[in-house]
Amino acid sequence: MLKRKSLVLILVVLLTISLITACGQKTEAPAPKEEVKSEPVKAKDITLIVPNSPGKGMDTYARMIAPYIEKHYPGAKIIVKNIVGAGGVVGTNQLWHSKPDGLTFAFTSFPSVLLADLSEAEGVQFKATEFTYLGRAATEPRVFAVGGKSEFNTIEDLAKAGRPIKFPSQGMDEDFFAAAVMAKALGFQLNQITGYEGNADTALAVIKGEGDGHITALSDALPMIKAGDKKPILMFSPERVKDFPDVPTALEITSGEAQDFMKVLTNMIVAHRCFFGPPGMDPEVTTEFRAAITKALADPELLEKAAKANSEIVPMDGDKLQATVDEIAASAQKIIGPMKQALADIK
Amino acid sequence: MLTASWHGLLALFDPTSILFMSIGVLFGVVIGILPGLGGIAAMALILPFSLSLEPVAALAMLLGAHVATIFGSSITSILFNIPGASKSIALCFDGYPMTQRGEGARALGAAAMASLIGGLIGAIFLTLTLPIMKAIMMALGPPEYFIMALWGLSVIAIFSSGSLLKGLTAAGFGLLLSFVGMDPVSGTARFTFGSLFLLDGFDFAVVVIGLFAVSEMIKLYITGGSIVKAQTTSEMGSVWIGVRDVFIHWKLVVRSSLLGLFIGALPGVGASIGGIAAYGMAAQTSKNKETFGTGNVEGVIAPEATNAANEGGGLVPTLGFGIPGGESMAILLSAFIVMGITPGRDMLENHMDIVFSIVWIIVVANVITTIGGLLLAKHLVKVTTLPSSVLIPVLLPICLVGAYAIKGRIKDVIVVVVFGIIGYIMDKYKYSRADMAIGMVLGLMLERYMHISIKLYGNLFFLTRPVTLILFLVVLGTIFYPFIRGYIANKRNADESGVQ
Amino acid sequence: MTKKTANNIVAVAFLLFFIAVAILSTGFGPRARLVPLPVAIGSAVLISFQLYLQNTKNTKINLAIDAGELLFGAKESKDSSGKKKEKKENLLKKELVSIGIVVSFLALILVIGIEPAILVFVVGYFRFINKAKWWKSFVFGIGTLLFIHLLFVQFLNVHFYKGILEYIL
């Protein structure tokens, strides 16, 4: 008995030692960051809520940028906290209820926050457009693409198809709602096939011809478009994308009410990955915070790092972002109808 | 082709690449051992660090970590009934009974070797059959995935040793638990009682830690003693017995590896059912079917070989189309893009050396993991001979913290304890926990692919699509083959006795 | 409590669960209940049949429907030997203590947070259940805590739950 116990003891000690050495290796890398910090003017712990899982795209962005906000925001010490659950609703709720003292802010995808609010998703306690928007870190066009062998070549073909367009979807995400709004605006019939496991699954369905098309980030679709496995037929971006001058944007091909629909979608994608705080933040703190984020996102060191990690930074100042969100707030109610219809169709 | 393969190998045999791969492997084993965390966590944690390296070194480190997690999770599944990652759940079914019998070292040896050969076969066949695999991937769709999930359910019969009724009840329980949360098909919140925590459903890894590991701690306290209930003779020797087992069952290893490669190539089917499917296949084709679930080494070899080969299969959609086959492949894909390589057709046409480097990395990482595993095995097994009075207070906190670390939600710790108690009761009254776990894995998969198939091809989708129909018949065949074979054997016996 | 009663309690618990799920499922839309409802009803029927079998015939016959036998021929039932033959009441008491230990550890975590709870639990377990000496108990407690802290907090960057005190204060 005694011998065995001493064996465990040795084991624990050995494991600990090996871990300490392992940690030594790991912690070397982030250490130099600390040196850059300027003299603390007013030391304060700021919590950055990331309502997405650790290690995923949104979290990687947040953790990449956070040290640079610290650097340009005197005295700030940012603690990144992943609060996951219900597709980001849990973390966003927590931000909504936190004090607007500038000590808590969040970073996530604006479209998912907005659409969770508009679709009255389970458990939503916030109003998406009432948050204090602090700055955008990145955005990229989203593309509606059909399979390489598809009968459709332009967006107009969809309305002429004379049958519902099969749209493989992974659930009630922003692309699901965007497709519903798009179908309403362009006047084609839509058959949303929900239940696919993820983006890979829907992409393959489109390539195989099992589904007609799907909406995805342009960078995800790029290799497949280059290889001819997918054809892009509509872009969700304010202007035409440089590499695809022939593919129209959603705004160009619509007018009147249909264009209003597309404007909400496009603006929503413009706001994309952004920092925001609780509603009613103190104007002075807000100005300070926005300035810090703008400076951080222009830091050459960050830009170099981002380019290396293929996580492009496409910044937008807090004031401008807030204006975009306000514009969305004015017209967002219009798309609720088609969204509700889309939800009813899959019940 | 051969020169490209050679160049790929040469690029790998650079000291820095080997060094970083070894670091990756070491890291992967540690992550794999931790309950609940698997290859995805390992790659996500290592990604930022690897980006500053040369492309081949970075890939070596990432893939090395990923490959090593498989064996790492198998270690704890076999020794403590704690699945290190959800895909290694099948290792618990026979590996843990082997440990209890004092054959832990043999099981570890067999697992390490099966992992090596599975990884090799997966990698080699991947290069040889990439065009064929691509064609298979294109030919199969949701209706076929549905049929495959159905086939997975037939494994339930293997564990229903006490009573088929109890086994089916346990499976039904598992199926229903998998439906808790937001239904991805209809957007309905099911069985959540307004709780946002339940809206995300039960995390499979958390439930399994409770069901198998925490319940084992409860049981261990009651029975006392240590995990090992009987001592076999020389432990040092049994590692090599395990290695020999793999060569004795080489046909099983080959079959399991090809199955793993095949399943890995289908995004949406994923790795989780690979181990279970391999286990079912092994049980149905084995000469010693009756000992499955009680510590049959074949039940360790098959899922381990499948899991290792799975990695090769997971690369098919990535290499063929630039589509990530799973979450871990999504991380790999982002690494490719950073290196300026566009996966997909371009890669197959212009960067064949990198494709081969990847294949060789998997091979070499497997070799490193296996050698390490074989050397470590006899030391690791000693831990299971420790008395429960030491094991419980040390392992229980690790299980609970592991459950917490998966998503960082404190309520998961409550879930793990609740399922620990449920698992203990189910085990005591012979409701198979394995059946329940299988039900949980397959529940959502069955449901989602059934709904998709109905929407795409109508209610009778399994009759109207030729590929689906053939697969359906094959599945029916494998389920009923034992009955038919038994019937024929009986008849032949009757005939022979009739002649006399 | 006889073994039969215990068996019945477990089976009835399953039955109630399945009935509850079936009832809840009827409230969903047609697509949402398409799979859960039949599964719940089917499982309820199966467990009712099991209940019937284990109460009408003697206990040996409920093992008669054996998938192992059907599919693969005779199969030895998994033995749970190695258990000391204790009196049933003693076993029940031990079961309750065992589950009690796990549940109190959980309660401890919820109240004072993960890391302090681990220290208290491990030290307490060694001191009061294993009757180890104080210094030894602390060596194990601190060792385990250190191990977990280094692995999860330093290495994996997990933020541990700090207990309900954090929310009250």
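A helix axis here is a line fitted to C-alpha atoms over the stretch in contact, and angles between axes run from 0 to 180 degrees between N-to-C directions. Keep that in mind for the helix pairs below, and remember that this is a predicted model.

**View 1. Helix α19 of chain B runs alongside helix α7 of chain C.** Here we look at a helix pair shared by two chains. The axes of α19(B), residues 388–407, and α7(C) come within 11 Å and cross at roughly 25°. Angles under 35 degrees count as roughly parallel, so that is what we call α19(B) and α7(C). Their crossing is right-handed. On the chain B side, look for Pro393(B), Val394(B), Pro397(B), Ile398(B), Val401(B) and Ala405(B); they meet Phe140(C), Thr144(C), Ile148(C) and Phe152(C) of α7(C). Sorted by class, this contact has 9 nonpolar residues and 1 polar one, with no charged residues.

**View 2. Chain C touches chain B through many of its helices.** Zoom out a little from that pair and you get the whole contact: 61 residues of chain C against 57 residues of chain B. Two or more residues apiece come from α1 (3–25), α2 (30–33), α3 (36–56), α4 (67–72), α5 (88–112), α6 (114–129) and α7 (134–155) of chain C. Which element gives the largest share of this side of chain C? That's α5(C), with 10 residues. Across the side of chain C that touches chain B, there are 39 nonpolar, 14 polar and 8 charged residues.

**View 3. Chain C is built from helices, without strands.** Chain C has 8 helices and 0 strands, so following the sequence along you simply read α-α-α-α-α-α-α-α. Of its 169 residues, 33% are buried. Among contacts in chain C with a separation of 6 or more, 46% link residues 24 or more positions apart.

**View 4. Helix α5 of chain B is tucked inside the structure.** This helix covers residues 89–100, which makes 12 residues, and reaches 17 Å from its first C-alpha to its last, close to the 16 Å expected. Is α5(B) enclosed or open? Since 12 of its 12 residues are buried, α5(B) is largely enclosed by the rest of the structure. Among those buried residues you can pick out Ile89(B), Phe93(B), Asp94(B), Tyr96(B), Pro97(B) and Gln100(B). Just past the end of α5(B), Gly102(B) takes a positive phi of about 90°.

**View 5. Glu349 of chain B sits out in the open.** Find Glu349(B) in helix α17 of chain B, residues 345–350. With 9 C-beta neighbours inside 10 Å, Glu349(B) counts as exposed. Phe204(B) lies 145 residues from Glu349(B) in sequence, and their C-alpha atoms are 40 Å apart in space.

**View 6. Two helices of chain A cross roughly at right angles.** Helix α7(A), residues 174–186, and helix α14(A), residues 336–345, pack at about 115°, with their axes 9 Å apart. That makes α7(A) roughly perpendicular to α14(A), and the crossing is right-handed. From α7(A) come Phe176(A), Phe177(A), Ala180(A), Val181(A) and Lys184(A), while α14(A) offers Pro338(A), Met339(A), Gln341(A) and Ala342(A). By class, that's 7 nonpolar, 1 polar and 1 charged residues.

**View 7. Chain A mixes helices and strands.** As a backdrop to the pair above, chain A comes to 14 helices and 11 strands. Buried residues make up 48% of its 347 residues. Of the contacts in chain A with a separation of 6 or more, 78% are between residues 24 or more positions apart.

Conventions: Residues numbered from 1 in each chain as written. Chains lettered and ligands numbered in written order. Predicted model: local features only at pLDDT ≥ 70, side-chain atom pairs only at ≥ 80, totals over all residues. Contact = placed C-beta atoms within 7 Å. Helix = DSSP H or I, 4+ residues; strand = E, 2+ residues; numbered from the N terminus. Nonpolar A, V, L, I, M, F, W, Y, C, P; charged D, E, K, R; others polar. Expected span 1.5 Å × (residues − 1). Buried ≥ 20, exposed ≤ 12 C-beta atoms within 10 Å, placed from the backbone. Parallel < 35°, antiparallel > 145°, perpendicular 65-115°, else oblique. Left-handed = near helix turned anticlockwise from the far one by under 90°.
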